[in-house]
Every structure is written in C-alpha cells, then in structure tokens.
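Please open the structure in your viewer and keep the selection tool at hand, since this tour moves from one place to the next and says at each stop what is there.

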Amino acid sequence: MCGIVGYTGKNKCEDILINSLRKLEYRGYDSAGIAVIENGKIKTVKSKGKINDGLVKKLEDAGTLNAVTGIGHTRWATHGEPSDINSHPIGNSRVTIVHNGIIENYRKLKTFLIEKGYEFESETDTETVAKLLDYYYTGNPVEAISKAVTDIEGAYALGIIFRDYPDMIYAVRKDSPLIVGIGDGEMYIASDMTALLEYTKKYYLLETGEIAAISQNGASFCDLHGNKIKKEEQIATWDVSEAEKGGFEHFMLKEIHEQPNAVTKTISPRIKDGLPCFEECGLTDEMLRNYHHIFIVACGSAMHAGMVGKYIIESMSRTPVIVDIASEFRYRNPLLSADDLVVIISQSGETADTKAALELANEVGADTLAFVNVVGSSIAREAKMVMFTYAGPEISVASTKAYMVQVALMYLLSFRVALARHAITEEQCRDYITELEKIPDKISECLKDLDPYRKAASRLVGADSLLYIGRGLDYALSMEGSLKLKEISYIHSESYAAGELKHGTISLICDGMPVIAVATQRELLAKTISNMREVKTRGAYVIAICPKGISVDAESADQIIEIPDAGDMLMPLVAVVPLQLIAYYASVLRGNDVDKPRNLAKSVTVE
Ligand code: F6R
C-alpha cells in the first residue's frame, strides 16, 4: 500500500523517480508526487490520479526540475480522500517526506503540534509526521528522526529530505517495507526491488527501528539511539524483464502465461528422488507426524490456495486442517498450541494481517512455515521455516501466477504430510509427483485457444451479478474464480457450494443470469450436474468448466469449456486458468484498467 522511492546521485533524478514510481504503481494509484532539492530549495510536484493522468502533466507544466536528489510516492489512500492536497510528498520548506503505512496516534500528535503553533492543510496522518520532524529538527536529521519515530505509533516506511542536506536522503521504517538500492555513485530507496531492477540488483534491507542516511557514495545505518549498524549487501534474483509486459497487453495476461514456468521453477527444486522434499526449510517427517493440527492462515487469493490445501491434506492424511482468514485469526483467540503447525501464505510477504497472524503463532510457540514469493519480506524473515514460491515479480494487482505456485507448493506439502503419516506409500507418492510434474504442460494447453474464455466473458459483461458453483475442490476454486472476477471486472459475484444453493440462494436465479459451474470432480459430478440443471431450468445461463472426457450435455450447460484432464485431485491447478482468463476478458471488455483495479492495491500493509 503506497510505494515510495528516492534517488541521490549524479543524474537528474526526476526521470529516475518517475520511472521507479511507475514500477510501484501497483501498490496504489490514487495519487503520485515527487519532491526534489533544487538550488537549495525543496520543490514538490504532486497530483491526484495515476502517474500518467496527473503527475506527468503537472511536471510538464512545472518545467524541467534540475535536481539530483529527490523522493517520490504513489498513494493508496487511507486517511483523506484522493486529492492533490492529500498527495505525498508532504512537508514544508525545511523537511519533506513520503510515507507508506498508517500512523495510529496521529490525532494525539496533531493536537500536540497544533498547540505548538503548527497549521495543517491535509487530512492525512502523514502530515503529522512531517510536522513532528520539523518540530524536533535543530540541525541534526538523525536526531530529529529518532525523536519523531519514538513518538509515533503505527506502521511506517519514510523517505525524508532536509533542505539543509541537499545531497542526502534519510529513511526509517517500522513494519512497512523499505530497501536501500546500491548503485555506482548513486543510491536509491524503494518499497520493493521491482522499482530498482532497471538500475541495480544490489540492495540493503532496512529493518524495523533502523535509520539510513544515504548519499551518492553509500549509506550508513544506525539504530534509534545513534548506534552504528553494519549491514550486508543483498543481491536480487529477479530479472528486469520479469517486471515488464514483454509484448502482452496487460501484466495479468503475461502473468497467466508465465504460470507453466512458475510451477516448474517452484516444484522442481523440491522434488528429490521423485518425492517432495522440505529439507531446505528444516521441516522433517517427525515434525509432520507430531503436529496436532495444521492451520493455514492467509488473505484473499492466498487463503483460497490454503482452501485447496485443506481439502487435499485432510482427504489424504486424515489430519485436521483449519483454514483461517488472517484478519479473523489474529483477533479470535484461536485454539492454537505449541504442538501445531501454522502455514502462512503470502505473495508479498508484507500483508499486515497475515504478518500479525504469524507473530501470534510465533508467540504461542507453534511452528510456523511461510510460503512467500518475495525474498527478504517481513513474513519470510519472521517465520521459523520458509519455502519460497518462484513466481517472479507479480505486478498485476489480481494474483494469478502467485496463487498458482502457492497451490503447487500446497500439493507438495500435502504429499509430504501423507508420506510422513504413512497415509500413502513412497510409490504412490512418486505417482502423484509424476502427475504434478505434468501440470505445466496442461496449463500451456489451456492457453492455446483463448476464444472460449472471451466468449464466456462476453456473456458476463452485461450481468449485474452471477454465481460460481462447485463441490469439494471445485468449491474452493469457485471462491478464487469469483474473487478474480469481482476485483477486476467490478461485476458482483458469489461463490457457492453447489449443494447449498437450494437453501436460499437459488431464489436469486433469474432469466439469463450467468452461473459458472466448475465441474472437475468425477466423484461429485452427478450431484454437480443436478445443481446445474436446477439453475438452468430456472433460466440461468450456465457456463461449465470441465475436463475433457467428462460428459456435461446441453441440458445442463449453455457453454462448455473443456480443459485437459489432470485427475480429480490436481484439477484446481488446471481449472483455475479458465477462471482467471474469464475474469481477465470481462475486465477488458468492460474497458477497465485490468492491472490496476479501482480501490485496490497489491500489497496490503494496513489492517
Ligand atoms: C487477489 C489478491 C489478493 C491477495 C491478498 C493477499 O487477486 O491478489 O486477494 O491474495 O491481498 O496478499 P499476499 O499474498 O501478498 O499476502
């Protein structure tokens, strides 16, 4: 939520800041702005709207900014509506900041500062931090930052410039991410590495409670008491091309097409001698045998990946699995003990609720295992065990390839649990792995002809509302399909366990209402088909997604999308592809900004 960048070096910073901000726009796009130090003065240009809609135009009007040090921000509004005045950077002629996070005690701080004679113009929490820094500033930036952040409660990553230090950027963080990029005679700050890949792969990770003082020659770090800290250089493994569209119209479409490769990259290194291997994170069979419960905790699509895991682990191993929405888990005093395993799933590794759930599990003494896509992220660092998903950077706000690899890793975990608990033999496990290794080709097959998805989407774009139905694993998948459609097409939909419709929801069915039926589970097929007929006879337009060879006829569905058969258990990895593409085309047909849907941001670092 919100992206921040900064540059100091020999080159004109304006273009670099804008370019880096564009890479972070997926974190929020309510407004954007930059502040630079030009001829000893702080100059700020900012505007409501996306970078290209507002800021770029304003910068053209402002004329060339001739500066080599500056900070930038792209906003996902929390306090104060999206407007020019509430945009960042925020500050005065002495000190100006960009902020990612939420200041919880900003009202108290504001009252204090008003008493001290400060006037406020925005509705943001951030303005209190800018004014507090100004209040404490007596010529020593690090001292002012230490004092200010000691007063602040909440989460923050701050990029700060002081007029008196025209070649420096200062940064500090608590709970919101921030990295310091290392160039050759130039240095950067950014919320994440995608902003900097074009310039450098080397970076330092700023930790909570650390202050960075950055000049073109390097960075020095200290804690809030001024004690020096030595930090290790990190090297990003992501490639710059991975964060570009590569000829696709949208990141989402590109990322859907990257799924076969992402699955292979994620599962291959974890298969040894044909069996799933969790040695890299220290998870042993003995541990898996001894856990009383397995919790899977995550948000949104990541939680849906956990739902698939629950079905598979429980059915294979008869081990109880509780899937929880992180924002519920953290406040519901869960029945969690030191004998349990808590699997945390997160693409970004920064989702506030998921992170809090992890902290709770760590406190209770449970073992925590994180499936995370972003190396160096908070969740990756705080979990006792980590398995990275190798999806590469996911730029589109709607998750596709990250969900896919989370599910793929869930299968490996499910197989390992079953093996450890002697629910399957090694031979059976090898057979499952062989089938799992075929999934990338099956996904590729789904991507050969996109017309059926376009056709299905064209039936949805005029609808006010629709239903996704399925049973068992297909129900878990329906949830993901429905979320995907809602978030990027803005068409209301609900996912329903197909057998549950007749207990109330079926009354919503009216003439022409689309119903997407996921029917991949042979064992449940007859039942699902009955439910499809029930809605079709009441006027629904039924789009069925089913594997080749499953007989769904015209009496049960108006459109049948056939996909490669992967066997019931692995079908979610294939069947999610049509669901992603139907949502994608619905969004395109409605003329929406597919990669940056309204009101959303990629990385949800607030509660
Ligand atoms: C939906 C989507 C979100 C995320 C959720 C968790 O397409 O992307 O629902 O899955 O915000 O984010 P992470 O995985 O970063 O914790």
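Begin by selecting domain 2 (245–437) and domain 3 (447–591) in two colours: both domains give residues to the lining of the largest pocket, so the pocket lies between them. Please bear in mind throughout that this is a predicted model.

Stay at the pocket and select C299, G300, S301, K602 and V604, which are the residues nearest its centre among the 29 that line it. If you then want to see which elements give two or more residues to this lining, show α9 (300–317), β20 (341–346), α11 (352–364), α13 (401–420) and α17 (473–489). The space in the largest pocket comes to about 660 Å³, and its lining is made up of 13 nonpolar, ten polar and six charged residues.

Next, select I256, which you will find in helix α6 (residues 251–257). Is this residue buried or exposed? I256 has a relative accessibility of 0%, and therefore counts as buried. If you set aside the neighbours within four places in sequence, the residues in contact with I256 are T400, L447, V577, Q580 and L581. Adding E435 to the selection lets you compare sequence with space, for I256 and E435 are 179 residues apart along the chain and 21 Å apart from C-alpha to C-alpha.

Now step back and colour the whole chain by its domain assignment, which gives domain 1 (3–236) along with domain 2 (245–437) and domain 3 (447–591). Between the C-alpha centres of domain 1 and domain 2 there is a distance of 34 Å, and the contact between these two domains takes nine residues from domain 1 and ten from domain 2. Together, domain 1 and domain 2 bury about 750 Å² between them, with 54% of this area on carbon and sulfur atoms. Select Y26, D175 and L205 to see the three residues that supply 47% of the area domain 1 buries against domain 2, which is more than any other three residues supply.

Keep D175 selected and look at its backbone, bearing in mind that most residues other than glycine have a negative phi. D175, although not a glycine, has a positive phi of about 70°, and its place is in the loop between β8 (169–174) and β9 (179–182). With a relative accessibility of 30%, D175 counts as partly exposed. Another residue to select for its backbone is N599, in the segment after α19 (571–589), where phi is again positive, near 65°, in a residue other than glycine. N599 counts as exposed because its relative accessibility is 61%, and the cut-off for that word is over 50%.

Move on to H88 and P89, which are joined by a cis peptide bond with omega at about 0°; P89 sits in the loop between β4 (69–75) and β5 (90–91). H88 also belongs to the lining of the largest cavity, together with residues including C2, W76, H79, H99 and D125. This cavity has a volume of about 70 Å³, and three nonpolar, seven polar and two charged residues line it.

For a last stop, select S47 in strand β3 (residues 41–48), which counts as buried because its relative accessibility is 6%. Leaving out neighbours within four places in sequence, you can show its contacts by selecting S31, A32, G54, L55, K58, D84 and S87.

Terms used: Residues numbered from 1 in each chain as written. Predicted model: local features only at pLDDT ≥ 70, side-chain atom pairs only at ≥ 80, totals over all residues. Heavy atoms only, no water. Helix = DSSP H or I, 4+ residues; strand = E, 2+ residues; numbered from the N terminus. Buried < 20%, exposed > 50% of the residue type's maximum accessible area, 1.4 Å probe, protein only. Contact = heavy atoms within 4.5 Å. 1 Å grid on protein atoms, 1.4 Å probe; cavity = no way out; pocket = protein on both sides within 12 Å on 5 of 7 lines; lining within 4 Å. Points joined across faces, edges and corners; volume = space filled by probe spheres on them. Nonpolar A, V, L, I, M, F, W, Y, C, P; charged D, E, K, R; others polar. Domains from an automatic or database assignment. Buried area = accessible area lost by both parts, 1.4 Å probe.
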